[in-house]
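Let's sit down with a model together and learn to read its features one at a time. Bring your questions, and we will take each in turn.

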Amino acid sequence: MGTRISMVSVSKLYSGFRSVNSISLSANTVKECLFSTGIVPSEIGLLINTGIYRYRNTGEPSIASLIQHISMPASRIKPSGKKENAFIGGTFSFDLGNGGCGWLSGIEIIDGFIRTGRIKHGIVVTADSEPFPGFSENYRFYSAAASVLLSGTETEGGFSHFRTYTFPEFSEDFTGLTRFGKKKGRWGRRNILEIRESETYVEDCIKCAAASVDRFLGETGYSMGDIDLIIPSQSPKGLLPGLKDKLSASCKLVEVRNGMNRELHTAGPAFALKNSWNDNSFIASENILFLTVGSGISVSIALFQNPSC
Amino acid sequence: MNGKCHIESIGVKIPGKRLTTSELISRIKIPGMEKFGLLTGIRERRVCSDTEDSFSLACDAARDCLAHSKYGAEDLDLVICCSITHYKNGLSHLYEPSFSLLIKDVIGAGKAMTFDISNACAGMLTGVYVAENFFRLGKISTCMIVSGEYISNLYDHALKNIRTPLSSEISSLTVGDCGAAVILEKAPEDSEGLIISGFSTFSHLSGLCKGGQNKRTPGGYMKTKSIKIHKASVANCLPIVSEALKANNLTFDMIDYLIPHQTSRSSIISGAIRLYESEDKKPGNLVVNLRDNGNTASTTHFLAIYQYMNEKRFHVGDRIMLLCFASGLIIGVVIFMMDEIIYHYGNKD
């Protein structure tokens, strides 16, 4: 049994000082996934949220449970309408954090639960938004959300060969943290979200990603010529042009163009997937490489073999 | 290979600094708080010093776990950090890179895959749930699940805001700091391994306990509808426990130690009584280890097991049930048989 992508849904992109709630953005994409596929909430075994920057820096409950509450109200009620005991075997949700690679780590976990037969469907949802708009330094990401609904398939193909490579020597290259202090132009002291990025971060990401792809291909026995499409992370800025040069890939590397000076963070690869889904390049490709890069530096890679090809 | 896993070692880091309940309560000038210590069963809790935080607790617990293990850090295939709080360098909350990646680097677990899981007080048991599936798939042979909880900073916000004993922040006074780590390994062929059952999120109850970072002061806050969350937890756990027992051909009296999430003595005991009535049977022992620790969030279960092992209370063959409750509302059950692990903690049995 493998895992196929049943649906991917993305939100609009928001930028600037508008207060956008990452939880409701996420919940809308989950609803769209369910509505488009006709899968009822009670069939979703796992819901994993992999967003990092969240509404008001919420610590508990998990953001995933709040998303579940908004988007999947029916999962708590049996078709009979009885609420009692309705949860046994119902949806379980939690948050997963792995920087820009969290989305693919979430997919790996759901793929595992599908393979062991514990669930039939699972959702990985991810969103980032400025926790307190205007109270951040160097925060440059869109408020954006994306969900991917995964289902078991009896046919050949689906996700395989999940690999994660880490480069802890670059762990200081990119950090997202809150510190208590003053922000220029603002009165009083607050908890301020601060993004710190070294000058060499983009270059290091490109190097690590290219080295990881080489290692991945070596370990799995594939060559770059076997890959038809690459669904990559969309940040940091400059990653994709650098990767194109380094990988010298003849295949298409999906880039999400948005014309604004902001970046897509954890939802980046899901937006790339949606683009390729819409222009049919995903369905037309046999071997698709998911390549995520994030702070750490971590690189996660997985192969998706299209059951339809 | 049966794909099952079991607990190979446990490590804990308890901060040295003590804070007694009477000392804490003396800072609140409202009537009706005198019985707080009696009701919660908490005499004191350990709190971080200026040089400790979530990260240092998690790293120290990981080191302690490795010290009790036959494995070295380089043998670990997976490291999952499950803390709610990610404080590093004091009260600076780190969102990325992941804690697990930094812990892996500190302990030297070069080949380990890493990610963080956050699921309130169910964090470590959610980590066990996820890791157990990796064992079933044959993807890993060893795994460390670690957490460091620096939650005593909740007191500052609570002490400023508590006006009555029924305040939504009263539960913030029950917490204590702790780090815990557990190594899982493949179980022997004849072992039943970890039995995991009923992990569910009752998301319509997610509003009963909320916490996060303060806007205008360092540290965090937690607001709990204590009575409602207790009633909801007990009501919803009855069928889950019942099903977990039935599915494994067990009855409640076959459980030697029931270890629920450690919140307060009165709620643990009243919840346990409801469970006994529902199952019409009692487990051998109900574990309440709040007295010197308080509620240490995601680390409570493994702290309790660690302390009981060091106090030489367990025997090989004892059946343990871990019952997790957490805001969300999360309920889940883990059952396992105590094995030779106790010998690593000075037990001779």
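## Reading pockets, cavities and a helix

Helix 5 (123-137), strand 10 and helix 7 of chain B each supply at least two residues of the lining of the second largest pocket. This is a predicted model, and that pocket is a friendly place to begin.

Q: How do I describe the second largest pocket, and which residues lie nearest its centre?

A: Start with volume, then go to the lining. Here the volume is about 570 Å³. The lining has 27 residues, and nearest the centre are A:Arg118, B:Tyr129, B:Ile196, B:Ser197 and B:Gly198.

Q: Which element gives the most to that lining, and how do its residues divide by class?

A: Strand 10 of chain B gives the most, with 5 residues. By class, the lining has 10 nonpolar, 9 polar and 8 charged residues.

Q: Now for the largest pocket: how much space lies in it?

A: About 1,000 Å³. It is lined by 43 residues, and those closest to its centre are B:Ser226, B:His230, B:Thr263, B:Ser264 and B:Ser267. Elements of chain B that give two or more residues to this lining include helix 2 (36-40), strand 12 (220-224), helix 7 (226-247) and helix 8 (265-279). Helix 7 of chain B gives the most, with 7 residues.

Q: Which domains does the lining of the largest pocket draw on, and how many of its residues are charged?

A: Domain 1 (5-186) and domain 2 (195-345) of chain B each provide at least three residues. The lining has 3 charged residues, beside 22 nonpolar and 18 polar ones.

Q: What about enclosed spaces: how many cavities of 30 Å³ or more does the structure hold?

A: A cavity differs from a pocket in that a 1.4 Å probe fits but cannot get out. The structure holds 6 cavities of 30 Å³ or more. The largest has a volume of about 480 Å³. Of its 37 lining residues, A:Gly59, B:Ile84, B:Thr85, B:His93 and B:Ser118 are closest to the centre. Strand 3 and strand 4 of chain A are among the elements that give two or more residues to this lining, as are strand 6 (92-96) and strand 7 (113-118) of chain B. By class, there are 14 nonpolar, 19 polar and 4 charged residues.

Q: And what is the volume of the second largest cavity?

A: About 60 Å³. Its lining includes A:Arg140, A:Phe141, A:His265 and B:Glu96. The classes here are 5 nonpolar, 4 polar and 2 charged.

Q: Why is helix 2 of chain A described as largely enclosed?

A: Look at how many of its residues are buried, meaning under 20% relative accessible area. In helix 2 (residues 63-71) of chain A, 7 of the 9 residues are buried, so the helix is largely enclosed by the rest of the structure. The buried ones are A:Ile63, A:Ala64, A:Ser65, A:Leu66, A:Ile67, A:Gln68 and A:Ser71. Their packing partners include helix 1 (22-37) and strand 5 (121-128) of chain A, together with strand 10 (195-201) of chain B.

Q: Can we finish with a single residue: where is A:Ser15 placed?

A: A:Ser15 is in the loop between strand 1 (2-10) and helix 1 of chain A. With a relative accessible area of 27%, A:Ser15 is partly exposed. Leaving out residues up to four places away in sequence, A:Ser15 touches A:Tyr142, A:Met260 and A:Arg262. Its C-alpha atom is 31 Å from that of A:Ile44, a residue 29 places apart along the chain.

Notes: Residues are numbered from 1 along each chain as its sequence is written. Chains are lettered from A and ligands numbered from 1 in the order in which they are written. This is a predicted model: local features need pLDDT of at least 70, side-chain atom pairs count only at pLDDT 80 or more; totals for chains, interfaces and linings use all residues. Side-chain values use heavy atoms; hydrogens and water are left out. Buried means under 20% relative accessible area, exposed over 50%, partly exposed in between (1.4 Å probe, protein chains only). Helices (H or I, at least four residues) and strands (E, at least two) are DSSP runs, numbered from the N terminus. Contact means heavy atoms within 4.5 Å. On a 1 Å grid over the protein atoms alone, a cavity is a set of points where a 1.4 Å probe fits but cannot get out, and a pocket is an open set with protein on both sides within 12 Å along at least five of seven lines; lining residues have an atom within 4 Å of a point. Grid points are joined across faces, edges and corners, and a volume is the space filled by probe spheres set on the points. Ala, Val, Leu, Ile, Met, Phe, Trp, Tyr, Cys and Pro count as nonpolar, Asp, Glu, Lys and Arg as charged, and the others, Gly among them, as polar. Domain bounds come from an automatic or database domain assignment.
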